[in-house]
Amino acid sequence: MTIVVGVLIALFGLALALVGPRVANTLSGRSSGRFEASNMLAFRLVGTVLVILGLLYATVGG
C-alpha cells in the first residue's frame, strides 16, 4: 500500500510540474502578468519536490 500511495504522490507532483506552468500562464494573463515567471517556477519547484517525496515514500516507506 505504501508503494501505491508513493506512486500516486509522485504522479500528482509530475502533473503539477508539467501542467502548473500552463495554469500559471493562463491565470497571469488575466492580471497584469507581473508574477508569471515566479508562478511558473513555483509550480515546477513544488511539483519536483512532490515527485521526489513520493518516490522516497514509495521506496523507503512511511
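Among the contacts in this protein (a contact being heavy atoms within 4.5 Å) between residues at least 6 apart in sequence, 78% join residues at least 24 apart. The model on your screen is predicted, so local features need pLDDT of at least 70 and side-chain atom pairs count only at pLDDT 80 or more, whereas totals for chains, interfaces and linings use all residues. Residues are numbered from 1 along each chain as its sequence is written, and side-chain values use heavy atoms, with hydrogens and water left out.

Start with the whole chain in a cartoon view, where you will find two helices and zero strands; these are DSSP runs, numbered from the N terminus, with helices being H or I of at least four residues and strands being E of at least two.

Next, select residues 2-30, which form helix α1, and pick out Ile 3 within this helix. Is Ile 3 buried or exposed? Ile 3 is exposed, with a relative accessible area of 55%, where exposed means over 50%, buried under 20% and partly exposed in between, using a 1.4 Å probe and protein chains only. Now add Val 60 to the selection: Ile 3 and Val 60 are 57 residues apart in sequence, and their C-alpha atoms lie 9.0 Å apart in space.

Then select residues 36-60, helix α2, whose 25 residues reach 36 Å from the first C-alpha to the last, close to the 36 Å expected at 1.5 Å a residue (the expected span is 1.5 Å times one less than the number of residues). Colour Gly 47, Val 51, Gly 54 and Ala 58 in α2, which are buried. Finish at Gly 61, which follows α2 and has a positive phi, near 95°.
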